[in-house]
Amino acid sequence: MTPSFEDDRLEALRAKVDAGERLSYQDGMVIYRTPDLLGVGWLANQVRERLHGNTTFFNVNRHINPTDVCVASCKLCAFGKRTKDPKAYTMSLEEVWEKAGHGYTEAVTEFHIVGGLHPELTLDWYCQMLRGLKERFPQVHLKAFTMVEIGYFAQRGKISEREVLQRLKDAGMDSLPGGGAEIFHDRVRRIICDHKLTGQQWIDTARVAHQMGLHSNCTMLYGHIETEEDRLDHLLRLRELQDETRGFQTFIPLAFHPDHTALEHIPKTTGFDDIREIAVSRLMLDNIPHIKAYWVMMTPRIAQIAQRFGADDLDGTLVEERIYHDAGATTTQGLRRGELMRLIREAGREPVERDTLYRPVQRAENAFTVLV
Ligand code: V47
């Protein structure tokens with residue numbers, strides 16, 4: 001059934017969406033500014049169902065953050081700490097391996113590993129960490145290090161990003177997560193994450209990773225000091241790189257959580273904004289296969305509704321999330337496999353457990369009812 005839109009401008013977009021035509025910057029502005037959220041969501045859902053039918057993907061993963069010590073002091077972040085901060089931590093290699101195995105069941109298919117920019121840990125240390133994980137958990141995919149960490153390892157080791165990526169790949173890194181992209185525009189970046197690599201450097205590093213056959217995800221941090229123009233610029237720069245490399249698997253819009261950050265005065269995003277961001281992403285990023293509604297950030301309730309506004313993924317079980325929880329997230333730190341499946345089913349979608357590369361994971365129907 002085709003709806004009649006509250007906003008006539010969406011009629012013209014419907015023709016483009018039906019024809020699979022690419023939306024322009026001006027189209028993007030319309031979908032960011034119209035109050036007709038249901039109309040925008042309907043369009044995004046058309047694209048989502050054309051790509052993925054009724055499926056919603058999820059995975060069984062564990063987050064590992066080896067250190068929160070960080071030289072960068074980004075205003076947006078509540079996770080990074082100075083070395084001398086009594087609350088700062090850095091795991092030993094044994095602790096990382098122990099953490100990975102803690103509560104481990106063979107259900108876990110991915111370790112998601114990111115951390116602060118530590119002034120002393122060397123690239124060799126990280127390679128050893130990956131080798132140790134692969135030795136102990138050979139079947140688990142290692143999705144590790146943001147482009148920001150890659151850039152930092154290169155700068156510290158005085159070697160190229162390509163060399164860093166090659167060494168990490170040789171040690172067992174299978175793909176990269178999408179963090180650290182924030183908002184690419186320099187004006188915003190200078191304020192929210194001054195010491196991080198530039199937006200262009202993030203893009204260039206992702207390009208090299210993709211050229212080396214490594215897949216990655218991509219993100220956008222919204223809901224702070226950026227404008228809608230900055231958001232669109234960010235999305236279009238990702239779309240442009242994807243036309244070139246086809247290396248991005250998933251886009252994850254990340255709502256800014258201000259608590260305990262230097263930008264604590266900024267109000268939190270609203271449900272309306274979060275849902276709209278999912279729909280805009282699905283419509284503008286026509287060449288990125290998946291849009292993830294990251295339940296930790298959106299809350300399971302909104303992430304569930306997002307499954308009918310353009311999203312086709314919920315992320316995973318996580319077990320112990322820290323970056324968002326340090327910034328005041330009120331969600332639980334992990335969800336069980338069965339809970340994720342229930343959320344998806346109640347949104348009228350069919351849950352499909354995937355591995356990091358979106359291959360379906362086959363499991364015996366009742367194999368993990370006790371374990372996970
Ligand atoms: O890089 C940091 C953001 C990212 C805050 O690739 C904050 O599958 C909100 O990238 N409020 C880390 N956001 C999370 C991330 C991610 C999450 C889930 C899945 C994947 C994936 C990637 O979170 C950081 C930064 O952009 N962040 N601090 C904050 N206060």
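A cavity is a set of grid points where a 1.4 Å probe fits but cannot get out, while a pocket is an open set with protein on both sides. Keep that pair of words in mind while you look at this predicted model.

## Empty space inside

Let's start with the holes. Rolling a probe the size of a water molecule over the atoms shows where empty space is left. Searching the whole structure this way turns up two cavities of 30 Å³ or more. The largest cavity comes to about 50 Å³, and the second largest to about 30 Å³.

Who sits around them? The largest cavity is lined by His 63, Ile 64, Asn 65, Tyr 89, Met 91, Lys 99, Glu 320 and Arg 322. Sorted by class, that lining gives three nonpolar, two polar and three charged residues. Around the second largest cavity you'll find Glu 110, Lys 143, Asn 217, Gln 249, Thr 250, Lys 292, Arg 354, Thr 356 and Tyr 358. Here the split is one nonpolar, four polar and four charged.

Now for the open kind of space. The largest pocket has a volume of about 870 Å³. Its lining takes in 44 residues, and the ones nearest the centre are Gly 179, Gly 180, Glu 182, Lys 196 and Ile 323. Several elements chip in with at least two lining residues each: helix α6 (147-157), strands β6 (215-222) and β7 (248-255), and helix α13 (323-326). By class, the pocket lining holds 20 nonpolar, 14 polar and 10 charged residues.

## One helix with a hidden side

Next, find helix α1, which covers residues 9-18. Its buried residues are Leu 10, Leu 13, Arg 14 and Val 17. Look down the axis of α1 and those buried residues fall within an arc of 110 degrees, so they line one face of the helix. The general rule behind this sort of pattern is handy: an α-helix has 3.6 residues a turn, so residues three or four places apart point the same way.

What covers that face? The cover for the buried residues of α1 includes α2 (25-33), α3 (37-52) and α11 (271-284). Just after α1 comes Gly 20, with a positive phi of about 70 degrees.

## Charged partners

The structure holds 30 salt bridges. Here are three of them, with the gap between the closest N and O atoms.

| Acidic residue | Basic residue | N to O distance |
|---|---|---|
| Glu 11 | Arg 14 | 2.7 Å |
| Asp 326 | Lys 81 | 3.8 Å |
| Asp 174 | Lys 134 | 2.8 Å |

Take the Arg 14 pair to begin with. Arg 14 and Glu 11 are three residues apart in helix α1, so about one helical turn separates them. Arg 14 counts as buried because its relative accessibility is 10%, and the cut-off for buried is under 20%. Glu 11, at 36%, is partly exposed.

The salt bridge between Asp 326 and Lys 81 links distant parts of the chain: Asp 326 belongs to helix α13, Lys 81 to the loop between β2 (61-64) and α4 (93-101), and 245 residues separate them. Is each partner buried or partly exposed? Asp 326 is partly exposed, with a relative accessible area of 24%, whereas Lys 81 is buried at 14%.

Then there is the bridge joining Asp 174 and Lys 134. Asp 174 is in the loop between α7 (161-171) and β5 (175-176) and Lys 134 is in helix α5 (residues 123-136), so the pair ties together parts 40 residues apart in sequence. Both partners are partly exposed: Asp 174 has a relative accessible area of 29%, and Lys 134 has 22%. Elsewhere, salt bridges with shared partners join Arg 22, Asp 243, Arg 246 and Asp 286 into one network.

## A buried alanine

Last stop: Ala 293. Where does Ala 293 sit? You'll find Ala 293 in the loop between β8 (290-291) and α12 (295-306). Its relative accessibility is 0%, so Ala 293 counts as buried.

Which residues does Ala 293 touch, leaving out those up to four places away in sequence? They are Ile 278, Met 298, Ala 303, Ala 306, Gln 307, Ala 311, Asp 313 and Leu 314. As for Leu 176, its C-alpha is 18 Å from that of Ala 293, and the two residues are 117 apart in sequence.

Terms used: Residues are numbered from 1 along each chain as its sequence is written. This is a predicted model: local features need pLDDT of at least 70, side-chain atom pairs count only at pLDDT 80 or more; totals for chains, interfaces and linings use all residues. Side-chain values use heavy atoms; hydrogens and water are left out. On a 1 Å grid over the protein atoms alone, a cavity is a set of points where a 1.4 Å probe fits but cannot get out, and a pocket is an open set with protein on both sides within 12 Å along at least five of seven lines; lining residues have an atom within 4 Å of a point. Grid points are joined across faces, edges and corners, and a volume is the space filled by probe spheres set on the points. Helices (H or I, at least four residues) and strands (E, at least two) are DSSP runs, numbered from the N terminus. Ala, Val, Leu, Ile, Met, Phe, Trp, Tyr, Cys and Pro count as nonpolar, Asp, Glu, Lys and Arg as charged, and the others, Gly among them, as polar. Buried means under 20% relative accessible area, exposed over 50%, partly exposed in between (1.4 Å probe, protein chains only). Contact means heavy atoms within 4.5 Å. The arc is that of the directions from the helix axis to the C-beta atoms. A salt bridge is a side-chain nitrogen of Lys or Arg within 4 Å of a carboxyl oxygen of Asp or Glu.
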